[in-house]
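Here are my notes on the structure you asked me to look over. Keep the viewer open while you read, and follow the points one by one.

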Amino acid sequence: MAAEEQDSFREGEVVDGKYRIDFLLGEGMLGGVFRVEVLSTGEVRALKVLKKPENEESLTDFLLRCQRVLEKLRTLSDENIAGIEAYGVWQSAAYAVMPFCEGESLSAILSDNLPLGFPRTHAIL
């Protein structure tokens, strides 16, 4: 994520008046994922911040596109999909709230266990 986006989403920050950021879980090309606490319930969730590609449309167009995509994703339901519980825009960044899943990151699994073999690969997929 760009430095200014990371500054907006930092430990202890309250996003949209609803979610307190505990810590950064990981980040990739599409943005960062944070462990958050839902202030109204105390429940733990994952909050994904979607990064606007530098060479893409205006911020307004990007946020509108994110809203359309997240609304469609919110309708999906499958045991292999982390559902979208909520989404929004905060400090010019789109975010999605999803269930928090305990466990190792895929990068940690891959770095410690190569080659995985078919049974482990099948279990991950």
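1. Start with Glu43, Arg45 and Glu85, which a network of salt bridges links together. This is a predicted model, so read every value here as computed from it. Within the network, Arg45 bridges to Glu43, with 3.2 Å between the closest N and O atoms. Are these two residues buried or partly exposed? Arg45 has a relative accessibility of 18%, so it counts as buried, the cut-off being under 20%. Glu43, at 38%, counts as partly exposed.

2. Now look at the other salt bridges; the structure holds 5. In general, side chains of opposite charge can pair when their charged atoms come close. One of the bridges joins the side chains of Glu13 and Arg10, at 3.4 Å from N to O. Arg10 is partly exposed, with a relative accessible area of 46%.

3. Another bridge deserves a pause: the side chains of Arg35 and Asp22 meet at 2.5 Å, N to O. What does this pair tie together? Arg35 sits in strand E3 and Asp22 in strand E2, so the bridge connects parts that are 13 residues apart in sequence. Both Arg35 and Asp22 are buried. The two side chains also count as making a polar contact, again at 2.5 Å.

4. Stay with Arg35 a little longer and check what surrounds it. Leaving out residues up to four places away in sequence, Arg35 touches Arg20, Ile21, Asp22, Phe23, Leu25, Val44, Arg45 and Phe100. Notice that Arg45, from the network in point 1, is on that list of contacts.

5. Next, zoom out to the overall layout. The protein has 4 helices and 6 strands. Going from the N terminus, the elements come in the order α-β-β-β-β-α-β-β-α-α. Try tracing that order along the chain in your viewer.

6. How are the strands arranged in the sheet? The 6 strands form an open sheet in the order E1-E2-E3-E4-E6-E5, with antiparallel pairing. E1 and E5 are at the edges with a single partner strand each, so one side of each has no neighbour in the sheet.

7. Take the E1 end of the sheet now. Strand E1 covers residues 14–15 and is joined to E2 by 2 bridges, the two strands running antiparallel. Val14 stands opposite Arg20 in E2. E1 and E2 make a hairpin with 3 residues between them, and Asp16 in that turn has a positive phi of about 55°.

8. One step over, E2 and E3 pair in the antiparallel sense over 8 bridges. This is a hairpin too, with 2 residues between the strands. Arg20 shows up again here, standing opposite Glu37 in E3. Further across the sheet, E4 and E6 are antiparallel partners over 6 bridges. There, the bridge partner of Val49 is Tyr95 in E6.

9. Which residues have the most contacts inside the largest nonpolar core? That core has 14 residues, and the best-connected are Phe9, Val15, Tyr19, Phe34, Leu47 and Tyr95. The elements giving two or more residues to this core are strands E2 (19–28), E3 (31–38), E4 (44–50), E5 (86–90) and E6 (93–99). Apart from this core lies another one of 9 residues, among them Leu50, Leu63, Cys66 and Leu70.

10. Tyr19 is a good residue to click on in the largest core. Not counting residues up to four places away in sequence, Tyr19 touches Glu13, Val14, Val36, Glu37, Val38, Leu39, Leu47, Ala86, Tyr95 and Val97. Two of these names, Leu47 and Tyr95, also belong to the list of core residues with the most contacts.

11. Last, some totals for the whole protein. Of its 125 residues, 28% are buried. Among contacts with a separation of 6 or more, 36% are between residues 24 or more positions apart. The protein exposes about 8200 Å², and carbon and sulfur atoms supply 53% of that.

Technical notes:
Residues numbered from 1 in each chain as written. Predicted model: local features only at pLDDT ≥ 70, side-chain atom pairs only at ≥ 80, totals over all residues. Heavy atoms only, no water. Core = buried A, V, L, I, M, F, W, Y, C linked by side-chain atoms within 4.5 Å. Buried < 20%, exposed > 50% of the residue type's maximum accessible area, 1.4 Å probe, protein only. Contact = heavy atoms within 4.5 Å. Polar contact = N/O pair within 3.5 Å; in protein donor to acceptor, adjacent residues only side chain to side chain. Salt bridge = Lys/Arg side-chain N within 4 Å of Asp/Glu carboxyl O. Areas by Shrake-Rupley, 256 points an atom, 1.4 Å probe, with all protein chains shown as cover. Pairing = 2+ DSSP bridges.
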